[in-house]
Amino acid sequence: MKELFRKEIKNVSPYVPGKPIEEVKKEYNIERIDKLASNENPLGPSPKALAAVKGVLDNINIYPDAGSADLRAAIAAFHGLESENIVVGSGGEQILDFIARTFINAGDQAIMAETTFGLYASSIAILGGVPVKVPMKDYKHDFAGFVAQINQHTKIIYVCNPNNPLGNIMTAKEISYLVEHVPQDIVIVFDEAYYEYAKVNPQYPDSLSILRGRPNTVILRTFSKIVGLAGLRVGYALTSKPIVSEMMKIKPVFNVNRIAQTAAIAALSDHQHIKNSVKLNYESLQLMENYFKRKGFEYVPPNANFVFVNVGKHSKIVFEELMKRGTIIRPGFLWGYDNWLRVSTGTLEQTERFIAALEEVLESTIA
């Protein structure tokens with residue numbers, strides 16, 4: 001009997017998203033749920049985006065602009081580039097799919113950290129490519145280890161910065177080392193989904209300046225985090241014109257819907273919402289860090305809108321016990337860190353409830 005499914009799919013593990021609020025409400029019969037699992041913006045969507053969306057609802061019977069021309073122009077102007085430097089997608093994961101399908105042939109290799117966003121590896125493997133995972137060093141990308149893995153089959157290097165799920169950054173100095181030691185014909189992908197939170201750190205690199213001097217560079221950004229449009233799915237890549245030209249050949253025709261395009265354009269100019277979101281983020285992080293320090297918990301210093309912490313008890317149990325108390329987090333065992341949790345920032349009230357619930361769980365005999 002012939003093999004029905006593609007052989008590359010056999011060993012690809014599906015991405016495991018955060019548990020939905022509705023599912024937890026039904027499972028535990030709880031009305032109030034604090035979802036601190038998916039790195040969403042607790043302030044909600046940009047008010048400017050909401051206002052703009054209302055103006056296009058009457059036209060959702062009409063297909064959106066297939067080229068997302070206005071959105072690409074707005075993104076380009078925002079970053080001092082041209083529209084021909086921009087590719088937009090239905091969320092960052094579609095951009096990652098574009099990247100893989102643009103460059104990877106069977107047998108090509110892509111280098112990434114061992115603990116990082118899982119879709120890098122799966123997008124490569126599903127095309128018959130080989131994900132090369134380099135172990136972490138002090139919870140960070142080991143760029144010397146990356147360079148040591150480069151060979152004639154290497155096509156792409158992925159740098160998640162800040163890194164998900166760990167939340168820390170690779171500094172400008174560390175990034176400079178990587179760029180200097182990677183051949184020009186290898187594409188470096190800087191996944192900066194949490195850019196707006198991280199850039200407050202003076203050590204955070206300026207990837208746009210790297211792109212301007214190195215055409216085989218792709219920078220990934222998103223509207224899902226800082227401006228709160230996760231439900232509309234809009235991500236984009238900043239890169240060189242030749243790469244954009246090739247990516248556009250594989251882009252689905254109407255890949256970003258009309259509402260998403262309109263909301264994203266408006267959100268770009270909502271500087272106050274971005275400022276408020278960053279401020280709340282670091283206030284929430286400070287509450288959690290203060291608690292972790294009091295408890296003596298090891299945690300990775302964060303520069304994103306989440307924190308990775310070792311609570312000393314198995315995360316699967318802590319995860320389940322926290323859900324019973326109305327808080328959803330991400331258990332670290334999913335990444336091989338059994339006693340660690342990844343916790344998104346929330347409102348100050350949500351953060352305080354998480355701390356109280358965690359304290360109760362850790363003190364209980366169940367956990």
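**Close-up views of a predicted model**

**View 1. What sits over helix H13 (residues 315-324)?** Among the elements covering the buried residues of H13 are H1, strand E11 (327-328), strand E12 (330-331), strand E13 (340-344) and helix H14 (348-363). Keep in mind that this is a predicted model. The buried residues to look for in H13 are Ser315, Val318, Phe319, Glu321, Leu322 and Met323. Just past the end of H13 comes Gly326, with a positive phi of about 90°.

**View 2. H13 against H14.** Here we zoom in on one of the elements that cover H13, namely H14. The two axes, H13 and H14, come within 10 Å and cross at roughly 125°. Since angles over 145 degrees would be needed for roughly antiparallel and 65 to 115 for roughly perpendicular, this pair counts as oblique. As for handedness, H13 and H14 make a right-handed crossing. On the H13 side, the residues in play are Val318, Glu321 and Leu322, and they meet Phe354, Ala357, Leu358, Val361 and Leu362 of H14. Sorted by class, this contact between H13 and H14 has 7 nonpolar residues, no polar ones and 1 charged.

**View 3. Thr327, tucked into strand E11.** Thr327 belongs to E11, one of the strands that cover the buried residues of H13. Is Thr327 buried or exposed? Thr327 is buried, because its relative accessible area is 1%, and the cut-off for buried is under 20%. Leaving aside residues up to four places away in sequence, Thr327 touches Asp34, Leu36, Leu322 and Phe354. Two of these names should ring a bell from the previous view: Leu322 of H13 and Phe354 of H14.

**View 4. H3 alongside H11.** Helix H3 (residues 69-79) and helix H11 (residues 258-268) have axes that come within 9 Å and cross at roughly 20°. That angle makes H3 roughly parallel to H11, as angles under 35 degrees are counted that way. The crossing of H3 and H11 is left-handed. From H3, Asp70, Leu71, Ala74, Ile75 and Phe78 meet Gln261, Ala264, Ile265 and Leu268 from H11. Broken down by class, the H3 and H11 contact holds 7 nonpolar residues, 1 polar and 1 charged.

**View 5. The largest nonpolar core.** This core has 33 residues, and those with the most contacts inside it are Ile75, Ile86, Phe223 and Leu238. Which elements each supply at least two residues of this core? They are helix H2 (47-54), H3, strand E2 (86-89), helix H9 (207-213), strand E8 (235-239), H11 and helix H12 (271-295). H11 gives the largest share, 6 residues. For a closer look at one of the best-connected members, take Ile86: with residues up to four places away in sequence not counted, Ile86 touches Arg72, Ile75, Ala76, Leu81, Tyr236, Ala237, Leu238 and Val244. Apart from this core lies another, of 28 residues, including Leu285, Val309, Val311 and Ala357. Ala357 has already turned up, as one of the H14 residues that meet H13.

**View 6. Asn11, ahead of helix H1.** Asn11 is found in the segment before H1 (21-28). Buried or exposed, then, for Asn11? Asn11 is exposed, because its relative accessible area of 69% is over the 50% cut-off. Asn11 and Asn276 are 265 residues apart in sequence, and their C-alpha atoms are 43 Å apart in space.

Definitions and conventions: Residues are numbered from 1 along each chain as its sequence is written. This is a predicted model: local features need pLDDT of at least 70, side-chain atom pairs count only at pLDDT 80 or more; totals for chains, interfaces and linings use all residues. Side-chain values use heavy atoms; hydrogens and water are left out. Axes are lines fitted to C-alpha atoms, for helices over the stretch in contact, and angles run from 0 to 180 degrees between N-to-C directions. Helices (H or I, at least four residues) and strands (E, at least two) are DSSP runs, numbered from the N terminus. A crossing is left-handed if the near helix is turned anticlockwise from the far one by less than a right angle, and right-handed if clockwise. Contact means heavy atoms within 4.5 Å. Ala, Val, Leu, Ile, Met, Phe, Trp, Tyr, Cys and Pro count as nonpolar, Asp, Glu, Lys and Arg as charged, and the others, Gly among them, as polar. A nonpolar core is a set of buried Ala, Val, Leu, Ile, Met, Phe, Trp, Tyr and Cys residues joined through side-chain atoms within 4.5 Å. Buried means under 20% relative accessible area, exposed over 50%, partly exposed in between (1.4 Å probe, protein chains only).
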